[in-house]
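Hi there,

Here is the structure I promised to hand over. Have a look at it, and then read on for what turned up.

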Amino acid sequence: MQKLWRNARLATLAGEDWALVEDGAIVTEGELIHWLGPVSALPAGLQPAQEIDLGGALLTPGLVDCHTHLVYGGDRAREAEMRLNGASYEEIARAGGGIRSTVAATRAAPEDALLQSARQRAQALMAGGVTTLEIKSGYGLSLEAEARCLRVARRLGRELALEVRTSFLGAHALAPEFEGCADDYIDAVCAWLPALHAQGLVDAVDAFCETIGFTSAQVARVFETARSLGLPVKLHAEQLSDQGGAQLAASFGALSADHLEHLGSEGIAAMQAAGTVAVLLPAAYYMLRETRQPPIAELRTAGVPMAVASDHNPGTAPGLSLLLAAHMACTFFRLTPREAVGGITHQAARALGLPDRGVLRAGLRADFAAWELNHPNELVYWFGHNPCRLVVQGGRRRD
């Protein structure tokens, strides 16, 4: 069934600039965009079953949040207070806080409780124009608990008008029962992965390569297992120090390397050669009061694509606004507005291996958002409110 969405200003993003179309219209057919352009150029003979007047709204591609940790139990407000009182990320983690405290709460939570809390978070992101969402595991750190978190993520994708991509992040932190035995834990992670994949729970594999995470050699073992199963990889890399994670990720053709505050020239060159996307996470940078920024100018010069994500998690980025993350990427990291908006649309889609979305173009998915705005640069100008008027997911308007 064809639908005509008319009376809108289109920001197609199909080029280096905004690619604006004044007095624009989109014709959708099923889940895809059939045609778009100025309403004056509508093809003759169209007989859409439905016409929707968008009231002069700004229309952009649906937003893509390519890095979240949305499924977890409890919160870490007490640790946030400790950090605000001067404790460092590493001090909290080494004292048994950080990821491990969320692991304990997540393991104790029934699946339906995890679903209910994750649903509320997902709906908050959806209300802000998000149509595609990546969700990582990594707060279970056992086969049963990791599977439970991934099942919840899959249920969100089935039960909400939202596309959900899952990443298995078993190598997020050392499970407490493996204290002092990191290599044995990596053996376990590698053993869990085929079983989780066989259940249809895994779209990609992630890891945390860091002094308080896992070594590049340990991560390589996880990635080898992923490669044997035909699964793409991505990596939390160079957040607190340069461990050569970006080079490792690139050597496996990673979809993305994320954080990157301590990324060096060798990592940039490796990512450029491999086509690996740099995913910037300014909310964590902000929450941790970091002072070292990712090397944006060098990434830009090298032509490394840059995405932006919310990094929603209970410890270092508890926010639920992808637009605010884009605003922070401009304010803190000096991205241009066009780079930041591209970072939450087509570059974020690229970081998930999804070339069928992120721009408005005939033949691509009919995922778009209408905004009470005049120009797309306002997406990173305003903050503290939500200008999203409506969202269309796969050709259907969300209720």
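Below are some notes on the whole protein, followed by a closer look at one residue.

Please keep in mind that this is a predicted model.

**The whole protein**

The secondary structure consists of 14 helices and 15 strands. With a radius of gyration of 21 Å, close to the 21 Å that the globule rule gives for 399 residues, the protein is as compact as a globular protein of that length. Its C-alpha trace spans about 70 × 45 × 40 Å along the principal axes.

Inside, 59% of the 399 residues are buried. If you take the contacts with a separation of 6 or more, 71% of them are between residues 24 or more positions apart.

On the outside, the protein exposes about 15200 Å², and carbon and sulfur atoms supply 50% of that area. As for charge, there are 34 positive and 44 negative charges, and the mean positions of the two groups are 4 Å apart.

**One residue: glutamine 218**

If you would like a place to start zooming in, try glutamine 218, which sits in helix H7 (residues 216-228). Is glutamine 218 buried or exposed? Its relative accessibility is 10%, and buried means under 20%, so glutamine 218 counts as buried.

Leaving aside residues up to four places away in sequence, glutamine 218 touches Ala182, Asp183 and Ile186. With one of these, aspartate 183, the glutamine 218 side chain makes a side-chain to side-chain polar contact of 3.0 Å.

Enjoy exploring!

Best wishes

Note on methods
Residues are numbered from 1 along each chain as its sequence is written. This is a predicted model: local features need pLDDT of at least 70, side-chain atom pairs count only at pLDDT 80 or more; totals for chains, interfaces and linings use all residues. Side-chain values use heavy atoms; hydrogens and water are left out. Helices (H or I, at least four residues) and strands (E, at least two) are DSSP runs, numbered from the N terminus. The radius of gyration is taken over C-alpha atoms; the globule rule is 2.2 Å times the number of residues to the power 0.38. Buried means under 20% relative accessible area, exposed over 50%, partly exposed in between (1.4 Å probe, protein chains only). Contact means heavy atoms within 4.5 Å. Accessible areas come from the Shrake-Rupley method with a 1.4 Å probe; for residues, only the protein chains shown count as cover. Lys and Arg count as positive and Asp and Glu as negative; His and the chain ends are not counted. The place of a charge is taken as NZ of Lys, CZ of Arg, CG of Asp or CD of Glu. A polar contact is a pair of N or O atoms within 3.5 Å; within protein, one must be able to donate a hydrogen and the other to accept it, and residues adjacent in sequence count only if both atoms are side-chain atoms.
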